[in-house]
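I opened the model to look up a few things about its helices, its ligand shell and its turns. My notes follow.

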Amino acid sequence: MVVRHYLGYGGDGTLVGVSGSGDAVVLRGVRKRYGDVTAVAGVDLTIAAGEVVALLGPNGAGKSTTVDIMVGLRAPDAGEVSLYGMAPRRALDEGRVGAVLQAGALLPNATVGELLRAIAALQPHPLPVAEVAAAAGVSELLRRRTDRLSGGQQQRVRFALALVGDPSLLVLDEPTAGLDVAARRDFWAGVRRYAGQGRTVLFSTHYLEEADEVADRIVLIDRGRVVADGPTTAIRAMGSARQVRCTLPDADPDALRDLPGVSSVEVHGAAVVLRSNDSDATLRALLAAYPLAHDVEVNAAALTDAFLELTGAEAH
Ligand SMILES: Nc1ncnc2c1ncn2[C@@H]1O[C@H](COP(=O)(O)OP(=O)(O)OP(=O)(O)O)[C@@H](O)[C@H]1O
């Protein structure tokens, strides 16, 4: 078995060594159907210890099913899953994995502190509750009842519950769905602190900005398959590299589409947006053919473009 060593920064800024044996996650040929619906159509995925990976895809892409299979909540119809070389259930029992899955209710009639202590007592190597509460940003909530929390507070409590077993791998299924911008920012700040200790994080999302800001690798999933997998910067570059915008009255979309490098054309009145794989060539040809074009701008294409292009999805 391969043994790798990773370096990361501890929460207090000190350099810490985290050693892990083998890969954190290995999925091989995983498939799952629900009746006639193929939710996961053969997913292969290996995540090395220390990676922060976003599983990104549109609604119904198969993200939750993949995550549920990964943490042993569902059995695949075919394929193999291992976490640290073990069956998922065993890795969970050993406290190697913490998960925040799609909204299950928190135990009612208990305070956050009571709930955290109860779950900590079940863990083979729990962290001190005060430490976990601070890491997840719930120190102020320990005496609050779980049924009196806002959505963002509830998610931070779920995050604390996932951390209390001191897991090496954290799996988060759309953890910020339904949260406002401030609550999302707070949640990801906690996840970044955890990831900064050299631990492994896999989260699913359909928020492109979250994948872009939080993950160092994106696995793009669509209709149950991995359609792209690579560093965030590389995934972004897979879309049309640039947008060329200009103002051009009476533009003919078909003629614009014939310009060199152009992969798509949008015309809204006099506003023209070209997507181009070679913006220099596009720009030269545009200005030569249309001297009246003005207010010309060239922008890096957003990750959204790469995403839509690769999945053929409609804009959300
Ligand atoms: N329990 C179930 N029974 C039947 N079909 C299901 C079930 N769970 C999911 N599906 C279907 O499987 C497909 C994949 O669903 P899944 O929830 O894994 O996707 P997702 O990418 O997580 O979507 P979302 O972003 O909307 O949560 C969808 O077509 C969905 O309708």
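Entry 1, terms and numbering. I call a residue buried if 20 or more other C-beta atoms lie within 10 Å of its own, exposed if 12 or fewer, and partly exposed in between, with C-beta atoms placed from the backbone. Helices (H or I, at least four residues) and strands (E, at least two) are DSSP runs, numbered from the N terminus. This is a predicted model, in which local features need pLDDT of at least 70 and side-chain atom pairs count only at pLDDT 80 or more, while totals for chains, interfaces and linings use all residues. Residues are numbered from 1 along each chain as its sequence is written.

Entry 2, helix 4. I looked up which residues of helix 4 (residues 129–136) are buried and found Val129, Val132, Ala133, Ala135 and Ala136. They lie on the same side of helix 4, because they cover an arc of only 165° around the axis (the arc of the directions from the helix axis to the C-beta atoms). An α-helix has 3.6 residues a turn, so residues three or four places apart point the same way. I then checked contacts, meaning residue pairs whose C-beta atoms, placed from the backbone, lie within 7 Å. The buried residues of helix 4 pack against helix 3 (112–121), helix 5 (151–163) and helix 6 (181–195). Gly137 follows helix 4 and has a positive phi, near 75°.

Entry 3, helix 3. Its buried residues are Val112, Leu115 and Leu116. Seen down the axis of helix 3, these fall within an arc of 95°, so they line one face of the helix. I noted that they pack against helix 4 and helix 5.

Entry 4, ligand shell. I listed the residues around the ligand (C-beta atom, placed from the backbone, within 6 Å of it). They are Tyr34, Val37, Ala39, Gly57, Asn59, Gly60, Ala61, Gly62, Lys63, Ser64, Thr65 and His206. Which helix gives the most to this shell? Helix 1 does, with three residues. Strand 4 (37–47) and helix 1 (63–70) each supply at least two. By class, the shell has four nonpolar, seven polar and one charged residue. For this count Ala, Val, Leu, Ile, Met, Phe, Trp, Tyr, Cys and Pro are nonpolar, Asp, Glu, Lys and Arg are charged, and the others, Gly among them, are polar.

Entry 5, positive phi. Most residues other than glycine have a negative phi, and most peptide bonds are trans. I looked up two residues with a positive value. Arg223, with phi near 50°, sits in the loop between strand 10 (217–222) and strand 11 (225–231). Arg223 is partly exposed, with 17 other C-beta atoms within 10 Å. Asp250 has phi near 55° and is in the loop between strand 12 (242–247) and helix 9 (253–257). With 9 other C-beta atoms within 10 Å, Asp250 is exposed.

Entry 6, hairpin. Strand 13 (residues 262–268) and strand 14 (residues 271–276) run antiparallel and are joined by six bridges; strands pair if DSSP finds at least two bridges between them. I found Val272 of strand 14 as the bridge partner of Val267. Two residues separate the strands of this hairpin, and Gly269 in the turn has a positive phi of about 65°.

Entry 7, whole protein. I recorded eleven helices and 15 strands. Buried residues make up 40% of the 316 residues.

Methods:
Two residues are in contact if their C-beta atoms, placed from the backbone, lie within 7 Å.
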